Amino acid sequence: MSSPEEIEALRIAKIAFHFVMWTGEEHGFEEYLETLRASRTSPPAHSFSTREEAESWLAKQSEPPPPAVVSIGSDLYSVGYNRRHRMRLLLRIPTPQELDARQC
C-alpha cells in the first residue's frame, strides 16, 4: 500500500481498533458495522460538495448524531465521534466494488 488514500485508510482503521479496545465499546463497533450496511440503502443525513464543508458542519455539532452517514461528492462517510475525547472523524465508507477487490 502506497497511495495516500490507502495509507489514510490504514490509519483510520488503526484508530478505530484502538477506540474499540480502549473504550470497551464493542457495541459501538457493531453499530458502526450496521451503519455501513444501511448506508448503501438509506439516503445520507447531509450532503456536501467538499470535505472542508463537511468538517465545518461536523465541528459545529455539539454531539454528532449517532450513527450518521454523510456524502461528500459521490463518496459516503460515516461520522465518528469519541465522547470522552470529543474527537470527530469522517470515515470514508468503501464502495461494494472496493470491498470485493480487497477480498482477493
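What follows is a chat about a predicted model of a protein.

Trainee: What does the secondary structure come to?
Mentor: This predicted model has four helices and four strands. Starting at the N terminus, the order is α-α-β-α-β-β-β-α.

Trainee: And how much of the protein is buried?
Mentor: Of the 104 residues, 25% are buried. The accessible surface is about 7,300 Å², and carbon and sulfur atoms account for 57% of that.

Trainee: Which residues make up the largest nonpolar core?
Mentor: There are 10 of them: Phe48, Ala54, Trp57, Leu58, Ala68, Val70, Ile72, Tyr77, Val79 and Leu90. Helix 3 (51-60), strand 2 (68-72) and strand 3 (75-82) are the elements that each give two or more residues to this core.

Trainee: Let's pick Val70. What does it touch?
Mentor: Leaving aside residues up to four places away in sequence, Val70 touches Pro44, His46, Phe48, Trp57, Asp75, Leu76, Tyr77, Val79 and Leu90.

Trainee: Phe48 and Trp57 are both on that list. How many aromatic pairs are there in the whole structure?
Mentor: A search turns up one. It's Phe48 with Trp57: the ring centres are 5.6 Å apart and the planes sit at 45°, so the pair counts as tilted.

Trainee: Are those two buried or exposed?
Mentor: Both Phe48 and Trp57 are buried.

Trainee: Switching to charges. How many salt bridges does the structure hold?
Mentor: Two. In one, the side chains of Arg51 and Glu55 meet at 2.8 Å, N to O. Both residues lie in helix 3, four residues apart, which is about one turn of the helix.

Trainee: Why do Arg51 and Glu55 count as partly exposed?
Mentor: Partly exposed runs from 20% to 50% relative accessible area. Arg51 falls in that range because its value is 30%, and Glu55 does because its value is 38%.

Trainee: Where's the other bridge?
Mentor: Arg92 pairs with Asp75, with the closest N and O atoms 3.7 Å apart. That one links distant parts of the chain: Arg92 is in strand 4 (residues 87-92) and Asp75 is in strand 3, 17 residues apart. Arg92 is partly exposed at 33% relative accessibility, and Asp75 is partly exposed too, at 26%.

Trainee: Back to helix 3 for a sec. How far apart are Glu53 and Ile72?
Mentor: Glu53, which sits in helix 3, is 19 residues from Ile72 in sequence and 8.6 Å from Ile72 in space, C-alpha to C-alpha. Glu53 is partly exposed, at 38% relative accessibility.

Trainee: And what share of contacts join residues at least 24 apart?
Mentor: Among contacts between residues at least 6 apart in sequence, it's 48%.

Technical notes: Residues numbered from 1 in each chain as written. Predicted model: local features only at pLDDT ≥ 70, side-chain atom pairs only at ≥ 80, totals over all residues. Heavy atoms only, no water. Core = buried A, V, L, I, M, F, W, Y, C linked by side-chain atoms within 4.5 Å. Buried < 20%, exposed > 50% of the residue type's maximum accessible area, 1.4 Å probe, protein only. Contact = heavy atoms within 4.5 Å. Areas by Shrake-Rupley, 256 points an atom, 1.4 Å probe, with all protein chains shown as cover. Phe/Tyr/Trp six-rings, centres within 6.5 Å; stacked < 30°, edge-to-face > 60°. Salt bridge = Lys/Arg side-chain N within 4 Å of Asp/Glu carboxyl O.
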